[in-house]
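Please examine the sequence and the model displayed here before reading the report.

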Amino acid sequence: MNTGVATVLVALVGVVGTLLAPLTTNWVSARVRLQEFDLQQRASALTREEEAATADLERRRAAYIALNSSARLWRLLLMEDVHALRAGGSTGEQTEQARQAFQADFAQAQMLIPDHVLDAANRVRIALADARKRLDRHTEGDGASEAAWQDLYDFVLGVWGEITEMQAAMRKDLGVGSGVPVPSERSETYQAGS
């Protein structure tokens, strides 16, 4: 009888195994497909994150290039205006156009760049605006003294220090610099005006 029970048990296990085999196979297949889907989703998410980070970096780089270029141009034209007015000449519309271009670039950058870079850019904006106000005061009066013109020239020249600080912050944010300003080839001249 033990042999009969054992035979029935073996037969029962065989029948149950036969019936459960397709279910087990389906469950294992479904689990493998779920894992594959999960891996694809993770890979897709990682790709999207990398693409978004690259696009963000490119937007910041473009904003930095525009802001740096327009700041340098505005400062250069202010320097030319100082020379022209000091010599009794007049200024052109280029300086105002450069100011407007810088303001537009600054407004765009405000929406894209991190706070520490925005702080450096804002210091440049304030310094350039102050230089313009000082220049306007010199042109409105009865004529500034030579010392006053030299002070104005030195101030505008010294704005370069703020621009190089901004450049250093931008370069660090882009991962191409240490955050320390790169000295100019004329650093003694610029330091004397600071």
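The report below moves from the whole chain to selected local features.

## Overall fold

The model is predicted. The protein chain contains five helices and zero strands, so that its elements, read from the N terminus, follow the order α-α-α-α-α.

The C-alpha trace spans about 130 × 30 × 20 Å along its principal axes. The radius of gyration of the protein chain is 35 Å, whereas a compact globule of 194 residues would have a value near 16 Å.

## Burial, surface and contacts

Of the 194 residues, 28% count as buried. The accessible surface of the protein chain amounts to about 12,400 Å², and carbon and sulfur atoms contribute 57% of this area.

Among contacts with a separation of 6 or more, 73% join residues that lie 24 or more positions apart.

## Nonpolar patch

Val 5, Leu 9, Leu 12, Val 16, Leu 20 and Leu 23 make up a nonpolar patch on the surface. Together these side chains' residues present about 540 Å² of accessible area.

One of the patch members, Val 16, is located in helix 1, which covers residues 2-86. Val 16 is classed as partly exposed because its relative accessible area is 37%, a value that falls between the 20% limit for buried and the 50% limit for exposed residues.

## Helix 4 and its end

Helix 4 comprises 29 residues, from 146 to 174. The distance from its first C-alpha to its last is 43 Å, close to the 42 Å expected at 1.5 Å a residue. Gly 175, just after helix 4, adopts a positive phi of about 80°.

Definitions and conventions. Residues numbered from 1 in each chain as written. Predicted model: local features only at pLDDT ≥ 70, side-chain atom pairs only at ≥ 80, totals over all residues. Heavy atoms only, no water. Helix = DSSP H or I, 4+ residues; strand = E, 2+ residues; numbered from the N terminus. Expected span 1.5 Å × (residues − 1). Patch = residues over 30% accessible without salt bridge, like charges linked within 9 Å, V, L, I, M, F, W, Y side chains within 5 Å. Areas by Shrake-Rupley, 256 points an atom, 1.4 Å probe, with all protein chains shown as cover. Salt bridge = Lys/Arg side-chain N within 4 Å of Asp/Glu carboxyl O. Buried < 20%, exposed > 50% of the residue type's maximum accessible area, 1.4 Å probe, protein only. Rg over C-alpha atoms; globule rule 2.2 N^0.38 Å. Contact = heavy atoms within 4.5 Å.
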